[in-house]
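The following exercises concern pockets, sheets and cross-links in one protein chain. Each task is followed by a solution in steps.

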Amino acid sequence: MGSKVRAAAVFAVTSALLAAGAAVVTAAPAAASTITEIAAGSWAYVDSTAPRTSFTDPAGDVPVGAHTYANGVTHVSKSYVTFDLSALRGTRLEGAGVSVDETTVADCSAPRTTELWLTDPAKKPTWNNQPAELVEAGGPIIDTSCPARGVFWNATTALQNALDAGRKTATFALRLPDAQQSDPKSGRAYNPHATLSISYNRAPLKPVQLTVDTTHACAAKPVIVGGGSTNLGAVITDPDGDFGKAEWALWPVDHPEQRVTIQNSFSSGGNASMDVRSRLADATTYAWQVRGLDGPDAGPWSAVCKLTTDFVPPDKPPVVSSKDYYEVGLGTGGTGVPGSFTFTANGVPDVVGYYYGLFDSSRDYVAATHKGGPATVTVVPDSSGPQYLSVWSVDAAGTWSDRTDYRFWVAANGPSMTCAPAHAYLGETQHCTFAPHGADGASGYVYSIDGGPEITAPAGSDHTATIDVTPSDATKPYYVTVRARMGNGNLSGPGGGQLPIDRGLPVVDVPADTMVGKPVVFTLHAILPGSVTFTYDWDYGDPVTVPVGPDGTARVTIVPGSAYGHYLDVHTTTADGIQSATREAEVQIASNEPTATSAEYPEGRQGGYVTTPGTFRFSSSVPGVVSYTYTYGGSAVTVPEGPDSTASAVLTPLTTDTQYLEVTSTFADGTVSETAYYSFYPRSAAPPLTCDANGGAQPGQVVHCTVTPVQPGLASYGYSVRTWSTTGPEVAVQPAADGTGVFEFTAPALQERELLSVTVWSADAAGQRSDTSYTSFYVTPDPASLPRAVRAS
């Protein structure tokens with residue numbers, strides 16, 4: 001068991017154990033306690049047979065009570081243990097206990113009543129010169145083992161007595177009661193490794209690092225605070241590291257009798273804070289201090305700090321003016337051109353400075369020349385166009401006024417760029433000259449191409465600079481961004497632009513008439529000078545490279561495998577490896593698929609009734625067709641083309657599901673066209689059904705039903721009846737002269753309520769059934785008609 005845990009067991013339960021006679025309990029100490037153990041500093045014991053001798057720091061076990069040795073002599077002993085109390089200086093004792101293990105016991109049936117007494121200090125006690133026994137410790141607390149491990153005494157009162165007396169050490173005597181002291185049956189010995197377990201607490205130290213609103217340290221002059229929160233702060237250290245409350249005192253300097261205290265918890269690390277804004281009045285000087293609290297123990301008060309309140313902000317915003325920047329025409333100054341701006345307090349006397357920044361920002365601060373006075377700043381715009389400077393005045397409490405936005409326009413001052421030749425192909429060098437804006441002058445230029453690394457070009461005596469650029473990549477924009485380094489050392493606004501490049505985009509001639517499966521010949525024209533090859537791909541497939549002919553062209557042939565939109569991408573390459581821009585030609589290829597039509601079943605619409613035959617006619621706009629092959633319902637059927645260049649097929653849909661027909665044409669050369677897709681929707685031919693038991697029926701009840709005709713060519717009706725437990729046969733019904741059908745059936749005998757379904761259909765003379773109609777209702781038996789066992793269940 002660790003020292004803190006063992007000590008916790010002693011302090012938390014010693015009293016309870018003494019009262020209830022319990023053996024061993026483990027509990028935790030209070031949160032505000034520090035627990036430690038002090039090992040025995042020294043031992044001594046006295047012996048009645050050597051009344052003038054002191055036996056100190058024994059190497060073996062220490063005796064208590066009477067022991068009869070082999071020679072028949074009985075020795076009576078007391079033992080003394082001394083502990084160093086220096087660790088308890090400046091603390092408040094909460095509990096103490098002495099523990100030691102028994103090593104030998106003469107008779108385990110004898111009473112276990114060893115006493116522990118605080119004595120006068122005694123370095124070398126003897127039997128004839130024993131120190132006075134002052135305070136008896138509570139106990140002992142002993143477990144059931146014999147010899148007992150961990151015999152405890154509650155030494156709180158005894159130890160407090162020693163501390164109150166100002167002692168640096170405490171000596172305890174282990175002895176038996178007078179009535180047992182000379183009885184060898186009660187004699188025992190103890191291990192000299194005794195421990196004094198203590199629980200104590202030390203008060204927090206004096207707080208330091210006193211602040212107001214974190215950034216203002218406590219000083220001789222009061223801190224001026226404004227609106228918002230007012231946070232007092234301090235660092236409080238507890239020697240035990242186990243407290244978490246601070247007590248704050250606050251009072252008006254002129255009225256110390258109004259002192260109030262407030263307590264609050266704070267985070268670990270010793271940083272305490274308290275927002276006292278709600279307790280402050282305007283225009284008042286307050287004093288405050290703080291101390292740490294650790295349960296009943298309070299640390300010393302901190303030094304006294306002062307603060308003065310000013311909650312009224314400047315009641316008018318500042319006035320801003322500038323002779324360099326204002327709203328006019330296309331603006332004044334320019335990017336990188338400094339401008340002077342002056343702020344005035346607008347008559348507010350307690351303004352001490354101004355916060356300012358472009359576009360709502362308040363990143364900069366300037367102090368006024370005096371309280372209520374002006375301030376002048378220099379602002380260097382970093383972009384051109386309309387802008388505004390936001391300015392706030394602020395008083396000594398840090399309270400801000402409303403904002404003033406001063407609007408002005410910064411002129412564009414980017415350098416110009418001219419390039420020669422004005423028209424150049426990829427691979428040709430262009431000479432581009434930079435010149436400053438107006439009379440700004442320039443010592444050099446910083447430029448980049450397509451956002452690449454910045455390059456510096458020094459200016460000549462005429463303030464211009466020329467660079468050479470040879471574009472070689474058709475995919476890059478070649479956009480030049482350039483700024484001039486003006487005489488003040490700042491960079492101007494941006495200038496430049498995109499280089500005038502002809503990227504040699506080839507031309508593609510696309511034939512007007514195209515057809516799937518037929519060769520299409522494209523003529524390619526090179527534009528980029530020095531091109532030696534064309535590279536093309538069809539629908540982003542594998543590229544193919546062909547040479548450029550003497551006339552700058554090439555002809556390529558492609559056989560399209562499908563109709564509609566396709567893409568031919570083409571670029572050229574020079575002998576130096578420079579590629580032109582890529583031309584993407586969109587090519588529309590006509591389909592050679594056949595056409596299918598039907599009067600009975602129009603495409604994409606609802607047509608005739610289920611089981612009604614329909615004629616489908618196939619034709620083609622492409623000559624040379626010899627046959628058509630259609631697929632309907634899973635099997636492919638081929639029909640030859642007739643004299644009128646068409647073919648037909650009669651198809652009979654048997655369900656209301658969407659029907660799909662696929663058709664191809666076969667040409668005389670054996671090639672097959674693309675597939676034409678045709679869909680249609682048959683109407684339902686299910687005969688309407690009515691029965692007179694829609695509200696439910698009982699077993700044995702005769703149900704009468706009527707069906708009315710829908711199917712063309714009606715020849716008969718059929719029906720079936722089923723429940724969850726029974727399935728009836730299919731029954732044929734002949735229609736009457738008006739085409740209706742009537743039938744009846746008897747509801748089956750059932751042992752419990754079940755749903756009964758009636759399904760009906762019609763058929764033509766060929767026996768082709770229509771889709772079905774149905775109705776359902778519950779058959780509910782009368783409970784009185786059921787057998788007794790069924791009713792009971």
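**Exercise 1. State how much space lies in the second largest pocket, and describe its lining.**

Step 1. About 230 Å³ of space lies in the second largest pocket. A pocket is taken on a 1 Å grid over the protein atoms alone, as an open set of points with protein on both sides within 12 Å along at least five of seven lines, for a 1.4 Å probe; lining residues have an atom within 4 Å of a point. Grid points are joined across faces, edges and corners, and the volume is the space filled by probe spheres set on the points.

Step 2. The lining comprises 13 residues, of which His216, Ile224, Ala396, Ala397 and Gly398 are the closest to the centre of the pocket.

Step 3. Strand 17 makes the greatest contribution to this lining, with three residues. Strands are DSSP runs (E, at least two residues), numbered from the N terminus.

Step 4. By class, the lining has five nonpolar, seven polar and one charged residue. Here Ala, Val, Leu, Ile, Met, Phe, Trp, Tyr, Cys and Pro count as nonpolar, Asp, Glu, Lys and Arg as charged, and the others, Gly among them, as polar.

The model is predicted: local features need pLDDT of at least 70, side-chain atom pairs count only at pLDDT 80 or more, and totals for chains, interfaces and linings use all residues. Residues are numbered from 1 along each chain as its sequence is written, and side-chain values use heavy atoms, with hydrogens and water left out.

**Exercise 2. Determine the strand order of the open sheet formed by four strands, and identify its edges.**

Step 1. The order is 16-15-18-21, with antiparallel pairing; two strands pair if DSSP finds at least two bridges between them.

Step 2. Strand 16 and strand 21 (271-275) are the edges: each has a single partner strand, so one side of each lacks a neighbour in the sheet.

Step 3. Strand 15 (residues 208-212) and strand 18 (residues 231-235) run antiparallel and are joined by three bridges. Thr211 has Gly233 in strand 18 as its bridge partner.

**Exercise 3. How many disulfides does the structure hold, and how are the bonded cysteines paired?**

Step 1. There are four disulfides, a disulfide being a pair of cysteine sulfur atoms within 2.5 Å. With the bonded cysteines numbered in sequence order, the pairing is 1-2, 3-4, 5-6, 7-8.

Step 2. The sulfur atoms of Cys108 and Cys146 are 1.9 Å apart, and this link is left-handed, with -90 degrees about the S-S bond. Cys108 lies in the loop between strand 7 (102-105) and strand 8 (115-119), and Cys146, 38 residues apart from it, in the loop between strand 10 (138-141) and strand 11 (151-154).

Step 3. Cys218 is joined to Cys305, S to S 1.9 Å. Cys218 is in the loop between strand 16 (216-217) and strand 17 (223-225) and Cys305 in strand 24 (residues 305-309), so the link ties together parts 87 residues apart in sequence. The torsion of -120 degrees about the S-S bond is left-handed.

Step 4. Cys691 and Cys705 form a disulfide, S to S 2.0 Å; its torsion is about 110 degrees, so it is right-handed.

**Exercise 4. Classify Cys218 and Cys305 as buried, partly exposed or exposed.**

Step 1. Buried means under 20% relative accessible area, exposed over 50%, and partly exposed in between (1.4 Å probe, protein chains only).

Step 2. Cys218, at 31%, is therefore partly exposed, whereas Cys305, at 2%, is buried.
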